[in-house]
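Work through the exercises below with the sequence and coordinates open. Try each task before reading its solution.

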Amino acid sequence: MKEYNKAIKILLLGAGESGKTTIIKQMKILHINGFSQEERQEKKQDIRSNILEGIVTLTQQLDVLGVPLELQENQAAKDYVLAINPEDFTYTQEFYTYTEQLWRDPGIQKVYSLQHKFQLIDCARYFLDKVEEVGQPDYDPSVQDILHSRRRTTDIQKIEFEVRVPKKYGGGSLQFWMFDVGGQRGERKKWIQVFDGIQAVLFLVSASCFDLVIREDQETNRLQESINIFKSVWHSRFLKNSGFIVFLNKQDILKEKVTSGKCIGDHFPDYSSYRLEDKDRVADEDQEYLRTRCFIREKFMAISKEEVKAVERKVTPGGPLILSDEGPRECYCHFTTATDTNNVRIVFEDVHNMIIKWNLEKIGVPVFQDYTNTTYFIMGSGKDYDYLIKFLALGDSGVGKTSFLYHYTEGVFQQQFISTVGIDFREKRLTHRRKEGGPPQGVHLQLWDTAGQEK
Ligand SMILES: Nc1nc2c(ncn2[C@@H]2O[C@H](COP(=O)(O)OP(=O)(O)OP(=O)(O)O)[C@@H](O)[C@H]2O)c(=O)[nH]1
Ligand SMILES: [Mg+2]
């Protein structure tokens, strides 16, 4: 129990195939020791069945979609693949040879280009392109292969790892527990088992799936399903105290889709009136892709704004110092490619800091933003602010701790930047009006200023 309380618990949620397990694999690469020989052997089995599933699906669709094979000599390969029983199959060299032959046939390539009409795993092309290599008896999957392999999650998994805390948040390290769950409809009833005590939910969205329907009913739009799930978990009372970070994942596939001419507006008509804001423009990036990804982000952010508690935290010059530690729930968004370790590393630096910040808030450290929009902490000594309250201003050098405290106590700005050395304090006496009525009480504030520079 003690251990459980110590660790920061992160829960991965999202629809099936959104990339949750891929994030777990990345955490293993980044924070644990990668994959053991035994795990690699296990993944080899998954990769083989990914190839099997890919080629069987594509070959079956030849007839469904009325697309003929272009090369007559591939008929024997087609017959062979259609006769496979995936439940009881031994992988032979013949299988790999036929698969490679079929995959190169322009007929199969035509079917592949129509994949929005049927259900195909995302990694089909990745592995079909390397059938020959996977078919070798001594094939050992690379890290990239493992990241692309697909196996549906059917139980709840947990990994543990440690993350170093940046100096500005106190240094040391923190223990993280990350939970993975299955995202398909039948799996979601298990989610509630892990909702308790979760500090942060990472909600994975397959942003590229705007033109696909879900496997479960072959009818509901995949992106819409994801939006619906997000709405229900965001409003779940069991997750009221959890921070949310949305990963708009599969950006690589989304970009490829949009730049090859697919339009989200064919599935979400409100796209036509959506305009890309200047702040979201990125130099040398395809404008339609940027517009699409921001439109998707807007769909999720709109839900997260549906319920914002009326506590304003932004400290404006001359504005009130807010004493409540109860704040709006925060939801952040990242564009990710879960199969790209470098991308995940960068995104997670932000995520860890976010979580550490939330964690500090939970133990009674309100986090403020100053008027330069830089986040720093003012640490209260407790909720009993009818009497003496001590606040401690922490934050990087130059964020404005001294200016803020000076301005707050003196009511005027001090223009020059004087780096604080050691610890200093300013005082202010106020009359505090009790929320519940009764006589106002005198409050004595002590605002302790600290030096943000490292030395
Ligand atoms: N190209 C690409 N593929 C991705 C990305 N993220 C995940 N995938 C692939 O998508 C497939 C599904 O990913 P998983 O991580 O298994 O999805 P999941 O959310 O765990 O799915 P369930 O376990 O069914 O809930 C795998 O083949 C991944 O390699 C991405 O950003 N880009
Ligand atoms: Mg999974």
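**Exercise 1.** Find the residues that UniProt marks as "binding site" and state where they lie relative to one another.

*Solution.* The unreviewed UniProt entry places this feature at Thr21 and Thr153. UniProt positions follow the numbering used here, feature names are shortened, and annotations may be inferred rather than shown by experiment. The two positions span 133 residues in sequence, yet no two of their C-alpha atoms are more than 7.6 Å apart, so they gather at one spot.

Two conventions apply throughout. This is a predicted model, in which local features need pLDDT of at least 70 and side-chain atom pairs count only at pLDDT 80 or more, while totals for chains, interfaces and linings use all residues. Residues are numbered from 1 along each chain as its sequence is written, and chains are lettered from A and ligands numbered from 1 in the order in which they are written.

**Exercise 2.** Is Thr21 buried or exposed? Classify Thr153 as well.

*Solution.* Start with the cut-offs. A residue is buried if 20 or more other C-beta atoms lie within 10 Å of its own, exposed if 12 or fewer, and partly exposed in between; C-beta atoms are placed from the backbone. Thr21 has 23 C-beta neighbours inside 10 Å, so Thr21 is buried. Thr153 has 17, so Thr153 is partly exposed.

Next, locate them. Thr21 sits in helix α2 (residues 20-31). Thr153 is in the loop between α9 (143-148) and β2 (157-164). Helices (H or I, at least four residues) and strands (E, at least two) are DSSP runs, numbered from the N terminus.

Last, list contacts (C-beta atoms, placed from the backbone, within 7 Å). Leave out residues up to four places away in sequence: Thr21 then touches Thr153 and Asp180. On that basis Thr153 touches Lys20, Thr21, Asp180, Val181 and Gly182.

**Exercise 3.** At what angle do α3 and α6 pack, and which residues make the contact?

*Solution.* Axes are lines fitted to C-alpha atoms, for helices over the stretch in contact, and angles run from 0 to 180 degrees between N-to-C directions. Helix α3 covers residues 37-64. α3 and α6 (residues 106-113) pack at about 90 degrees, with axes 9 Å apart. That makes the pair roughly perpendicular (65 to 115 degrees). α3 contributes Leu58, Gln61 and Leu62; α6 contributes Gly107, Ile108, Val111 and Tyr112.

**Exercise 4.** Which residues of helix α14 are buried?

*Solution.* In α14 (residues 401-410), they are Lys401, Thr402, Ser403, Phe404 and Leu405. Just after α14, Gly411 takes a positive phi of about 80 degrees.

Notes: Two residues are in contact if their C-beta atoms, placed from the backbone, lie within 7 Å. Angles under 35 degrees count as roughly parallel, over 145 as roughly antiparallel, 65 to 115 as roughly perpendicular and the rest as oblique.
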